Each structure stands twice: as C-alpha cells, then as structure tokens.
Amino acid sequence: MILLDKVSAAYGTRTVLDNLSLHIRWGERVALAGANGAGKSSLLRVITGHLPATGTVRVDGQNPCRLPPRRRARLMAVVPQEIPTDIPFSASDFVMLGRTALLPRFGAPTAADLQAAEEAMRLTETWDLRMRRFPEMSGGEQQRLALAMALSSRPEVILLDEPTSHLDLRHRIDLMRLLERLCKERGITVLMVAHDLTLASQFFSRIVLLHQGRILSDDTPANVLRPDILQTAYGCPVSAFPLPDTPAICVIPRA
Amino acid sequence: MKLRHLFVAALVTVPLLLAVGLLTGSAGFGCPDLSTTTGRALLDLRLCRLLTGFVVGAALAVSGCALQAVLRNALAEPYVLGISGGGSLGAALMLATGLASLTPLALPAGAFVAAILTLLVICLIARRAGGFAPHTLILTGVVAGTMLSSLLLLVLSFARLRVVHSVTWWMMGNLSGATWPLLFTVIGLVSLACLLLQAEARAMNALLLGHEAASNLGIRTQHVIPLILTAATLAAAAAVSISGIIGFVGLIIPHVARRIVGVDHRRLLPVSAIGGGVFLVLCDALARLLFAPHEIPVGVVTALLGGPFFLIVLTQKKPHDPA
C-alpha cells in the first residue's frame, strides 16, 4: 500500500530522511515514533508528496507527487499536527471541508456528502458539536473534528500527526479504538505519529522508530520499546516494562 | 441572522439605497425633469455614475475578499500586490506623455495594463522565491508597490503642474470620468473575474487552513492560487482603470460581510460584492452632497466613513467570537 525504497529528503542542506525504506501493507496500522526532529512529520510529507525526495515513493502503486490532488485527497487523508483555530467555521462546515475533492464546484453538498460528514462526526463523537463554532472549542474537540474531517472523505489511507496531543485519557483510548475499528472493518491503512509510546504499544502491532532520519527499529512493540533502543533514539535513560494483564509496555523516561 | 432573513432584507434595502444614489446629485436630492433634454441627459449621467460606483465597489470588495483568503492576512486588500502603484504609474505616464488627451480610453487602458503587468512581475518573482507562499507574495507586493511609487514620483518630478494635478486627482478616486463604452468593458471584466472567483469559492475555504492543508484536501494550489490572484487583480485593475484609487472598500467590506454571513466564500463573495457596490454608491452620493455644489473625491469619503464604521463593527463582539 505504502512503499518507500531508499528515500532521502532534505530541507535545504539539512537532511531529514536518509536512505529510508519502509513497506506498509493494506489495512495495516503502524505507529511512527522518534525524538523531535527525527523525521516523522517529514516522512508524512514525503508520503503526501509535499516534500520532494529521492528514491521510490508509492502509495497504492502510484507516485504521490504525480497524483492529481483530487485523486490524492480521495486516496489519503491527513490529520495535521496543528490546525488554525481562529477560523469561525461551524463544526459541520469544517468537517465538510474534508469532502472538498468530492463536492461540486457550484451548488450545495449532495445527500451523500451530508451523510458522509454525519457518519464521520458520529464516529468521532462530534455530532453534538455540529452547530458550534470551531474557535469556541477545546483543543481536544478541535482534534476530534480534524479526524472527522479526514474521515468524511472515506479515504483508504489516514496519516495522523500526533493526533492525541490535546486529548484527555478517555478520548485517547476512544481514538485508538476507532482507528482499530476502521482498520478491521474498512481495511483503512493507518500511519500515526505517536509520542505516547505506552498508548501506541497497546493499540499498534507495529512501531517504526526513527532516529536522525533513519529507521532505528521496525518491529512489534515488545521488540522496539526496549530501554537500550529507546535510549539511543531519545538520548536519555528510559525504563520500559510490560504492564500486567494488558499488551501495553509502559515507557517512562528516567531523570 | 438567518440567510433567508438576510436575503429578504437585502431585496428590500439594496434597491432603496441604489435609488437614493440615483436621485442624488451635486444640485441636491430629487428626480431630474425627464420631460426636458437636460433632465434626461442628467439622469443618463447619474445612471452611468451609479452603475460605475456599484461595479467598482463590488470589484474592490470581491478582490479584497479573495486576497484575504489566499494571503491568509486580514489586512490584505486589492492594492496589496502593487496594483495601486502600477495603475498610478500607468495613468501618470499616459497623462505625462500626452497620450491621455488623444482618446478618453488611453488613461484607463494605461492604468489597467500597468496594474496587470505589475501582477505578472510579482507572480514571477514570488514563484521563484517561495512558490506563492503568502508572506513572499505580500513582501514582493509591498516592495514592488514602493518601487512603483518612487517611479511615479520620478515621472511627476519632470511633469508639468497640470499633469501633477490630474494625477493627484486621479489617485484620490473619482467616479465622474466613466463613459458607457468604458463602463460596459469594465462590467464585462469584473463579471468574468467574479465568475472565476465564485468557481474557486470552495478552494478559498480550504486555503484558510493553509496551502499544504488545502492541497491535502484536493486543491491544486499551484494552479488555483495564481488563478485567484489573477482574477482578483483583474477585478481591481478594471475598477482602478475607471475610477482611480479608492481605498478602504476592499479592506473593510469583506470583514463586515464575514460578520454577517460567516467565512464560507460561497456566500461571502456575493454578499461582499453587493455590500461593496452599495457602500460605494452611498459614499459617492455623500461626496456629491456634503459640500455641494463642490464635489469631493469619493476616496476621502470611503476612508472617513468606512474607518469609524469598521472600528465599531470590530468592537461589537458577537457571541461566537473567540476571546
């Protein structure tokens, strides 16, 4: 589904991805971890075709740089790290932006568009917010609406850049369960940048750990979230131990 | 306010306000005597001027609205990309070289062509510098505008006093120079620009989230942004060519319209157009009435009336506004 082969990318003279190869299969759920500046967001930008890269990049067999934007938007949706919060869209109008690629140039959204937006809002528990203005909402509500916007286009791939940073504990778990459900029921491929490694270990069967633009480790949580590997990736001592009765691995930085 | 109520209110008030504009002249308020040739000629003049005011106001407001979306800057207005500097220089060259006295179309044509050429140069530079990034476009526009203003001063420093006076008067904005053939040309250009912008209304909504986010939503930003810039400049340049530089309309009307109908450009663009048109017609009526029979430049009225009005609107906090 997503294939990167010997991919390198740079901002000016600063290399952010260095000869990186990665293969994500159809319907797979992968967490992308690493220290600040390790190349996580840059990797997402390469996949969406916004950061030029050398090597081979393919999404569903196609080069994202050469895909027409409308086709690309139908194929993959992005939940960005930061959303402008000062634009007074109503929640429902904001979610409908996710269907920009599918809407007619003139005229109102069709019944199918409205149905897709409602479905996305119900999935993310934002339907009750539909009449409220975007700037009035909390960071967590805005983040859930950003996910609803991404889901409203019913994409085949969802790329999420730290989508849980503003969410409370319950909504973090709800988001993870939703992504799990979307993968299982609809075969959606999920690639998510995650800083909460404990949460990622609970819901992702595969974690890709980046370090200085390269893949340091790409395996199951148990094999990636090891103190020695994490110390190399984050540059500080880290404790990692399995939590009883759960698949989660608790990751705690040590002072 | 619900859209249906707004539509009904506009349906009643807009024709009334336009009628006020039509019946206002420097001789006072009232309908000219249509039984006489002079009366009919006066009405013809007023009708031409009314339509000119409406089209110019609509063009400036729509242009400002589109530029505020693409440049993601609340202070963006039709002249931000150096159109005023380019248009003024073009007009000054026409007047200084004497070409303006050959045909009435020379002055507006010179201003129009210079404004469009300015946009072309700015787009080429901005594309080379940063691929239509908002800050690149704004900076390029400001630098180009300053350079063109300096060139204008250079031309004026060699020009005769009469030319300096004509250029200064033109730069203050005036709706009295319109003729029917010129007006029809401007209506055609502004209509084309409005149609192009309305077709990209959804793209403008997406662009509010940022250029990369808009691209992720399916907008072909490398094509759509230059298209919107061109259409917005086309509208503003057409307006400048017939009326000179009229400030404030393109800045404040989109903000006021946004307060009424929200940020969805499918509604915001037409409401800005109607609002800008009516606002300029009323300002022009005041420009003729305030010191009648002496007429003051309409640009002075738009700034004196629009500035305080805009500040009042800004300070009236709506329930949904962010803190």
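Let us start at one small spot: Ala10(A) stands opposite Thr15(A), a residue of strand 2 of chain A. The model you are looking at is a predicted one, and this pair is a handy way into it. Strand 1 (residues 2-11) and strand 2 (residues 14-24) of chain A run antiparallel and are joined by seven bridges. Together they form a hairpin with two residues between the strands, and there Gly12(A) takes a positive phi near 65°.

Strand 1 of chain A has another partner as well. It pairs with strand 4 (residues 53-59) of chain A, again in the antiparallel sense, over six bridges. If you would like a residue pair to look for here, find Leu4(A), which stands opposite Val57(A) in strand 4 of chain A. As a general point to keep in mind while following strands, side chains in a regular strand alternate between the two faces of the sheet.

Now step back to the whole of chain A. This chain has nine helices and eleven strands. Its radius of gyration is 18 Å, close to the 18 Å that the globule rule gives for 255 residues, so chain A is as compact as a globular protein of that length. Along its principal axes, the C-alpha trace of chain A spans about 55 × 40 × 35 Å. Of the 255 residues in chain A, 43% count as buried. Among contacts in chain A between residues at least 6 apart in sequence, 65% join residues at least 24 apart.

How confident is the predictor? The mean pLDDT of chain A is 92, and 100% of its residues reach 70 or more. Among the elements of chain A, strand 8 (residues 206-211) has the highest mean pLDDT, at 97, while helix 6 (residues 169-186) has the lowest, at 89.

Next, let us see where chain A meets its neighbour. Here 22 residues of chain A are in contact with 20 residues of chain B. On the side of chain A that touches chain B, helix 2 (residues 69-75) of chain A gives the most, with three residues. The residues of that side divide into twelve nonpolar, four polar and six charged.

Finally, cross over to chain B and look at helix 5 (residues 134-158). At 1.5 Å a residue, the 25 residues of this helix should span 36 Å, and its end C-alpha atoms are 36 Å apart, which agrees. Which residues of helix 5 of chain B are buried? They are Leu137(B), Ile138(B), Thr140(B), Gly141(B), Ala144(B), Gly145(B), Leu148(B) and Leu152(B). When viewing such a list, it helps to know that an α-helix has 3.6 residues a turn, so residues three or four places apart point the same way.

Methods
Residues numbered from 1 in each chain as written. Chains lettered and ligands numbered in written order. Predicted model: local features only at pLDDT ≥ 70, side-chain atom pairs only at ≥ 80, totals over all residues. Contact = placed C-beta atoms within 7 Å. Helix = DSSP H or I, 4+ residues; strand = E, 2+ residues; numbered from the N terminus. Nonpolar A, V, L, I, M, F, W, Y, C, P; charged D, E, K, R; others polar. pLDDT = per-residue confidence, 0-100. Pairing = 2+ DSSP bridges. Expected span 1.5 Å × (residues − 1). Buried ≥ 20, exposed ≤ 12 C-beta atoms within 10 Å, placed from the backbone. Rg over C-alpha atoms; globule rule 2.2 N^0.38 Å.
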